[in-house]
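Take a moment with the backbone before turning to the side chains. This short tour follows a few local features, one step at a time.

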Amino acid sequence: SKLKKVQPTSSGPKFSHPRDITNPYLPLAYLKQDVFEGTEGGKKTRVERTAMPGKHKTFTINGQVVEAAVYEDRAFVNGELEEVATDYFAQDDDGTVYYLGEDVDEYENGKVMNHDGAWLLGKDTQIPGVILPAHPKVGDKFKTEDVSKDINESDEVVSVSETVTVPAGTFQNCVKVKELLADGTMEYKYYAKGVGAVRETPSDGD
């Protein structure tokens with residue numbers, strides 16, 4: 001009898017170019033900086049997301065060493081710096097974008113007060129979050145954060161045909177994601193093809 005050679009199967013995603021985030025609805029690889037402005041809870045809010053190509057951080061997923069893409073989010077409330085979060089993302093070979101954790105500095109009156117909300121894959125959880133599937137379809141369900149009772153977000157794609165008008169322009173056929181937060185509130189995120197996130201609507205703002 002001939003022996004059949006069986007290839008070892010690795011369960012889960014493969015990461016050949018994890019920092020190359022080219023998912024059409026979240027093409028972070030082409031982002032230098034984007035800025036969101038609006039209100040939340042009656043307060044003026046501004047978030048600046050900046051690519052940090054010089055920063056490096058590695059994680060292990062299914063035995064693979066994965067080098068994350070690093071982005072910094074600076075959040076201002078009524079003009080005062082409230083939070084600086086360093087976010088770690090990776091894209092698998094299929095195009096799914098994973099969330100691998102964040103380092104957080106919470107500010108008050110210009111001073112770092114705490115690191116609430118911080119978590120890292122491999123330290124605080126063994127489950128990578130998913131920001132967006134490779135080919136979002138209505139009904140897709142995933143978790144961006146699955147760490148603890150307080151760091152937990154459940155997402156569902158509710159539309160792939162939204163038209164969104166924001167100061168930057170009007171975007172057709174956007175993916176609309178419904179996100180249930182750990183505190184039980186709901187928010188919506190909109191992603192435009194070739195652009196990325198174009199709008200977020202928390203329960204008490206836009």
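Start with Asn 62, which is partly exposed because its relative accessibility is 44%, and that class lies between the cut-offs of under 20% for buried and over 50% for exposed. The model is a predicted one. Where does Asn 62 sit? It is in the loop that joins β3 (58-61) to β4 (64-67).

Now look at the backbone there. Asn 62 is not a glycine, yet its phi is positive, at about 50°. Most residues other than glycine have a negative phi. The setting is a hairpin: β3 and β4 have 2 residues between them, and Asn 62 takes its positive phi in that hairpin.

Next, follow the two strands away from the loop. Which way do they pair? β3 and β4 are antiparallel, with 4 bridges. One residue pair to find is Thr 60 and its bridge partner in β4, Val 65.

Stay with β3 and compare its faces. Phe 59 and Ile 61 make up the covered face of β3. Thr 58 and Thr 60 make up the uncovered one. Thr 60, then, is on the uncovered face and bridges to Val 65.

Finally, move along the chain to Asn 173. Here too the residue is not a glycine, and its phi is positive, at about 50°. Which element holds Asn 173? It lies in strand β13, residues 169-180. Is Asn 173 buried, exposed or partly exposed? Its relative accessible area is 48%, so Asn 173 counts as partly exposed.

How values were computed
Residues numbered from 1 in each chain as written. Predicted model: local features only at pLDDT ≥ 70, side-chain atom pairs only at ≥ 80, totals over all residues. Heavy atoms only, no water. Buried < 20%, exposed > 50% of the residue type's maximum accessible area, 1.4 Å probe, protein only. Pairing = 2+ DSSP bridges.
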